[in-house]
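Here is a short tour of one structure, written with a modeller's eye in mind. Have the viewer open and follow along.

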Amino acid sequence: MTTDASQNKTDKRKVLRVFVRTVVFLVILLAVYVIVLVTNQRHGQNLIFDKETGAIDLRQWSFEDQGRNYIDYGWQFYPNQLLTPEDFGFVGEDPRTKDSGKAKPSSDVGNNKDSPTSGNAPDLPHYKNVSITTNGWTNLGFDAYPSSETVPVMSDFGFGTYRILMIMPADCGVVAMDFPEINHAAKIYVNGNLLSEFGEISESREGYEHEEAYSDIRVSPQANGIIDIVIPCSNFSSPFGGIAIPPAVGTPEQIDAIDMVSKMWVSSVMTLFVLIIITGFYVSFTFRRKLKYYYFILIILISISYEFSDKIFNPMNGDWNRLLQTTFFLLMSFVAALYFSSLYPKNAENVFARIKNWDIVLIATAISVFLAFYWISPDFLYYKSSVVANSILVTIINSYNFLRVLYMTPRYAEEGTFHLISAALASIIFSTMIIRSPQIFFIPLHSVGIVLMIFGTALYFTVRYVNNFKQISRFTIELENAVQDKTRSIARVNAELVSMNQTLLKNEEARKKMMSNVSHDLRTPITAIRGYIELIMNAKANTTKDTINTYLTNMHTRSVQMEQLIEDLVQLTRLESDNADIKTQAVNLRDMIDNLYELYLMESEGSHKKLRLDMPKDDMLTVMGDPNRLLRVFENLIVNAMRYTPDDGQIDIRAFREIAALGGDNIHIIVRDDGIGIPAAELPYIFDRFYRATNASIHKSGSGLGLSIVKSIVEKHGGRIWGESVEKEGSTFHVILPAGKPQEMEQKSEEEEG
Ligand code: ADP
């Protein structure tokens, strides 16, 4: 419950954070647009326009000090009419000087009631209220109306004549003007003289030749300071007809500078764009494959070469140029799509999975269709309907993009801001890719902002991704190490388990064997005892007492044998259980072995067996241990030696101290006989439970448990036991026990005394 609540809280906080970030981002975006709008409106605002003369008065304007200006208003527009300077009654001289010297080309032109079009000029409709946008005059057709109210039907707007009058300081010398773009066939007349001609202006639609022209002209005002510019523009196919962008006017140096800067700007914008693409790829693949890296370089080279070939020299004819341009945009759209798809990766595995994002597919398709049309029929795209269709498409794409991001943002709180930024950027880029800004000779502030934003984001993403990548690499290494460690320990545990399993299997096998041995060894004496009992029960009257006694003696022997077996089993079981109680105390082995020797010396009386003992006189051969158990060890060894040695055999018992240079001393006990020995093949098994060598079976007694009990006891005391034997020659058993330390012995004895 509490975790759920805290989870909810963090979720809410995340959503809130995303919301705040989103709002901040949108505010910044809005600010950028407002700045762009305001800055773009600065053009022409410094100009004084004299409504009476219909002229722009630039006499107070110092180009040297204040720089160039943009002539974006003050134009007169005559739609649907291809007029020539003659139509204005202007043939290379000031109409006012013609008009009986009434005009005063002085500082008070503003007060001059005479219109520049007066005089011999024909009475032509003069269009007013023309709104001039930063995009030029493209939509003038709708807004312009003639003062005479006789509006000609304008089926092809943009087709018409532009005229502007400027009054310059008389001594200004040569002035330069820059027309970034005039669509599509036009003639520039200055003071009645034809300065520039683009395309072919003809009476028939078929005769008009399409052209997008940039023009840089040099003009000198007339003696009275008047510059009269008349530009008849024709266009039957494009909605972007006429003068698309306000021209700049300034000193020739200033205008050259614009040109220069524009070219530089175009190059830098392209370079930045290309950098963004590289970044996108870097983000997408982190250079996992070298081939892709070469591919980016190829694209960069194509972009740069196209950019330079198009802007600096244009060696190709229209078709090739168009093909190049289309290819370039197609590539750009493809890599841009990849870039943005990398920002919302659907599947990081492969590039095609990334492109499966619907918005990316939609955008890429739209651009491809657009470009295909552009390639097949460029004129088609200049129809108003296709522009509207394209704009709608771009709007849909962008809205979808934003919706998708706004929908996704709360779900992926961490990524929300990035999605939003990338969506905004995608929208901007895809919009400008479809409607390529015609202002290529301006330095549009908004594109500065956009490029900086894009580049900043790209940089940010790169840093972020690279950092993540580094972190992941580090994690991976750590993880690999951890996995290796774990694998090793698992392997170790596994090996332990395998050996444990083997031990268990062996134990189980041993247990089964033991069960069968035990039952067999117990059944044998019981069967014998029952046999004797039956003999006694069925005894005839003439059965002698001696015979009965013999039966009874045999029965006694058998029951002792059984008792011994049971005793052995109990011992063994106790020893093998982990908590076998070994009562540790100082044990004097010398006395223990000496007593045993005395005992078995007596037992061997009557046989010819010889028993010998060899022990140091001055050493108690003390060890720490359980005296009863240790007694059992030596007794067993001596009994075995006696049992498996013929009557004339010899048994040697030796015990001595082995002095160790390092660590504690050992007590070494050896029991040797020259008896039947043990076959070499069987020697390794004699310490196993119930194991009896084949040559031992001649001796009925013996359970095969003795040596395993001995080994168990010795090992419990931290000692070692082993046997050496040659069949028919004899056997030697060695026991090594760690010698008790003197102080331990003292302590123990003190305790005992206490
Ligand atoms: P057992 O009761 O049969 O003596 P042990 O565990 O004491 O059982 O001995 C196991 C086997 O080791 C014996 O059956 C015998 O084959 C062999 N063995 C032990 N001690 C000697 C020895 N001193 N000489 C020959 N064989 C021996």
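Val20 sits in helix H1, which spans residues 2–41. Keep in mind that this is a predicted model. Is Val20 buried, partly exposed or exposed? Its relative accessible area is 45%, and since partly exposed covers the range between under 20% (buried) and over 50% (exposed), Val20 counts as partly exposed. Val20 also belongs to a nonpolar patch on the surface, together with Leu16, Phe19, Val23, Val24 and Val27. Taken together, the residues of this patch have about 540 Å² of accessible area.

Now let's turn to the ligand. The shell around the ligand has 21 residues, and those that come nearest are Arg643, Tyr644, Asp673, Arg692 and Leu707. By type, the shell divides into 11 nonpolar, seven polar and three charged residues.

Some polar contacts to the ligand are worth a look in your viewer:

| Ligand atom | Protein partner | Distance |
|---|---|---|
| Nitrogen | Asp673, N or O atom in the side chain | 2.8 Å |
| Oxygen | Ala693, polar backbone atom | 2.9 Å |
| Oxygen | Leu707, polar backbone atom | 2.7 Å |

On its own, the ligand has 520 Å² of accessible area, and the protein covers 98% of that.

Which elements of secondary structure each supply at least two residues of the shell? They are helix H15 (627–643), helix H16 (706–716) and strand S21 (730–738). The largest share, three residues, comes from H15.

Methods
Residues numbered from 1 in each chain as written. Predicted model: local features only at pLDDT ≥ 70, side-chain atom pairs only at ≥ 80, totals over all residues. Heavy atoms only, no water. Near = heavy atom within 4 Å. Polar contact = N/O pair within 3.5 Å; in protein donor to acceptor, adjacent residues only side chain to side chain. Areas by Shrake-Rupley, 256 points an atom, 1.4 Å probe, with all protein chains shown as cover. Helix = DSSP H or I, 4+ residues; strand = E, 2+ residues; numbered from the N terminus. Nonpolar A, V, L, I, M, F, W, Y, C, P; charged D, E, K, R; others polar. Patch = residues over 30% accessible without salt bridge, like charges linked within 9 Å, V, L, I, M, F, W, Y side chains within 5 Å. Salt bridge = Lys/Arg side-chain N within 4 Å of Asp/Glu carboxyl O. Buried < 20%, exposed > 50% of the residue type's maximum accessible area, 1.4 Å probe, protein only.
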